[in-house]
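Colleague: Please take a close look at one part of this model for me, the backbone and its unusual spots. Then carry on from there through the rest of the chain.

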Amino acid sequence: MNILFIHQNFPGQFKHLAPALASLGNDVTALVLAKKEAKQWNGVKLIPYSLNRGNAKEAHPWTVDFESKVIRGDACLRAALDLSKQGYTPDIIVAHPGWGESLFLKEVWPEAKLKLYCEFFYHARGADVGFDPEYSSSDPADAGRVTLKNANILLQFQQADAGISPTHWQASTFPQHIRDKITVIHDGIDTEVLSPNSSASFLLDNGKSLTRDDEVITFVNRALEPYRGFHTFMRSLPKLLAARPNAQVLIVGKEGVSYGAQPPEGKSWKEIFSAEVLPQLTSQQRERIHFLGTIDYPRFINLLQISRVHVYLTYPFVLSW
């Protein structure tokens with residue numbers, strides 16, 4: 001079959017699925033939002049395209065998100081029209097709808113089956129918004145902004161044939177008429193790459209090498225922010241380090257924001273919670289906390305292989321890739 005993948009950050013969650021389908025003899029293509037020449041990746045043909053405009057000025061702030069998705073859908077539509085003129089017709093389109101790219105693809109290929117990746121359906125109550133009373137919005141009208149974020153998903157599911165979601169909880173966030181189309185299948189874990197290694201070691205910046213013989217506690221975020229529980233984890237460290245005098249704490253993540261609100265006063269969340277927590281610790285305890293920033297994937301695997309306890313905290317939101 002001809003199978004077309006659409007993902008702004010391809011391969012994203014399709015890292016295992018797309019190559020697997022190519023290995024079975026299918027013709028697998030991906031439209032990629034990037035300024036580069038077409039190439040192959042693990043048997044998948046990559047076709048780049050780019051945006052042709054930006055957001056309008058002085059739009060209502062609640063509509064900017066939807067306009068961004070229309071702009072991306074427009075660009076992807078034009079790339080699809082070019083492919084169609086070259087004689088390409090997909091049997092199946094597998095798309096992540098979150099950024100709007102697949103909004104109009106059924107207009108080009110109405111007979112193609114469209115499967116959407118169901119990562120999250122937004123709610124003004126009962127999910128991530130207002131979950132943390134420390135950082136909940138004080139503006140009741142903010143519910144309007146959250147509600148409008150679903151317009152893109154609702155439009156796409158009017159024409160979708162099926163959905164796929166990585167977890168039952170994420171599938172449960174969608175309304176019933178969409179949930180009836182969703183199959184829950186996790187993205188997959190490469191157990192040949194991500195496997196135990198009793199001889200693994202991890203070198204710290206201070207020259208100390210950690211192994212499975214050490215008490216290692218790991219915490220990993222793309223960005224160190226409250227949405228992924230960074231504040232909760234940091235506040236646990238005084239009791240944790242006192243209870244485990246040999247434990248080493250390894251924290252991975254950049255200083256910035258991926259999902260939640262920007263921190264106040266122009267500081268990073270790391271700076272704010274370090275200033276709150278670190279003065280409560282002894283110098284010896286502070287020396288056992290290691291902020292690693294972002295690390296490359298092979299080193300990340302070593303980190304997991306030496307970890308005794310891996311802590312994953314989050315608001316009710318999307319599963320970490």
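Modeller: Asn-42 counts as exposed, because its relative accessibility is 51% and the exposed class begins over 50%. This is a predicted model, and that holds for every value below. Asn-42 sits in the loop between β3 (39-41) and β4 (44-49). Its phi is near 50°, a positive value in a residue other than glycine. Most residues other than glycine have a negative phi. That makes the backbone here worth a look.

Go on to the loop between β4 and α2 (64-85), where Glu-58 lies. Glu-58 also has a positive phi, about 65°, and is not a glycine. Glu-58 counts as exposed, because its relative accessibility is 83% and exposed means over 50%.

Ala-59 has its place in that loop between β4 and α2 too. Ala-59 is partly exposed, with a relative accessible area of 30%. Take a distance from here. Ala-59 and Glu-225 are 166 residues apart in sequence. Their C-alpha atoms are 29 Å apart in space.

Now the peptide bonds. Which residues does a cis peptide bond join? Phe-10 and Pro-11 are the pair, and omega is about 10°. Most peptide bonds are trans. Pro-11 is found in the loop between β1 (2-6) and α1 (17-23).

Next, strand β5 (residues 92-95), which holds Ile-92. Is Ile-92 buried or partly exposed? Ile-92 is partly exposed, because its relative accessible area is 23% and buried means under 20%. Its contacts, leaving aside neighbours within four places in sequence, are Met-1, Asn-2, Ile-3, Leu-4 and Lys-113. A longer span can be drawn from Ile-92 as well. Its C-alpha atom and that of Asp-296 are separated by 34 Å. Along the chain the two residues are 204 apart.

Asp-296 has a part of its own in the fold. It caps the N-terminal end of α11. A side-chain oxygen of Asp-296 lies 3.0 Å from the backbone nitrogen of Arg-299.

Stay with helix α11, residues 297-306. Four of its residues are buried: Ile-301, Leu-303, Gln-305 and Ile-306. What covers them? The cover includes strands β9 (201-203), β10 (209-211) and β11 (216-223). It also includes β12 (248-254) and β13 (289-293).

Another helix deserves a stop. His-231 has its place in helix α8, residues 230-243. His-231 is buried, because its relative accessible area is 4% and buried means under 20%. What does His-231 touch, not counting residues up to four places away in sequence? Asp-132, Glu-134 and Tyr-135 are among its contacts. Pro-226, Phe-273 and Tyr-315 complete the set.

Asp-139 is a further loop residue. It is found between β6 (113-117) and α4 (142-148). Asp-139 counts as partly exposed, at 43% relative accessibility. Compare its place with that of Phe-121. The two are 18 residues apart along the chain. Their C-alpha atoms are separated by 21 Å.

Then the inside. How many cavities of 30 Å³ or more does the structure hold? It holds 1. About 30 Å³ of space lies in the largest cavity. Its lining is made of Gln-13, Tyr-117, Glu-119, Pro-166, Gln-170, Asp-187, Leu-319 and Trp-321. By class that lining has 4 nonpolar, 2 polar and 2 charged residues.

Last, the chain as a whole. It has 11 helices and 14 strands. The C-alpha trace spans about 65 × 50 × 35 Å along its principal axes. Of the 321 residues, 42% are buried. Take the contacts between residues at least 6 apart in sequence: 68% of them join residues at least 24 apart. The accessible surface comes to about 16800 Å². Carbon and sulfur atoms account for 52% of that surface.

To return to the starting point: Asn-42 and Glu-58 each have a positive phi. Each of these two residues counts as exposed. The cis bond, by contrast, is the one between Phe-10 and Pro-11.

Terms used:
Residues are numbered from 1 along each chain as its sequence is written. This is a predicted model: local features need pLDDT of at least 70, side-chain atom pairs count only at pLDDT 80 or more; totals for chains, interfaces and linings use all residues. Side-chain values use heavy atoms; hydrogens and water are left out. On a 1 Å grid over the protein atoms alone, a cavity is a set of points where a 1.4 Å probe fits but cannot get out, and a pocket is an open set with protein on both sides within 12 Å along at least five of seven lines; lining residues have an atom within 4 Å of a point. Grid points are joined across faces, edges and corners, and a volume is the space filled by probe spheres set on the points. Ala, Val, Leu, Ile, Met, Phe, Trp, Tyr, Cys and Pro count as nonpolar, Asp, Glu, Lys and Arg as charged, and the others, Gly among them, as polar. Helices (H or I, at least four residues) and strands (E, at least two) are DSSP runs, numbered from the N terminus. Buried means under 20% relative accessible area, exposed over 50%, partly exposed in between (1.4 Å probe, protein chains only). Contact means heavy atoms within 4.5 Å. Accessible areas come from the Shrake-Rupley method with a 1.4 Å probe; for residues, only the protein chains shown count as cover. A polar contact is a pair of N or O atoms within 3.5 Å; within protein, one must be able to donate a hydrogen and the other to accept it, and residues adjacent in sequence count only if both atoms are side-chain atoms.
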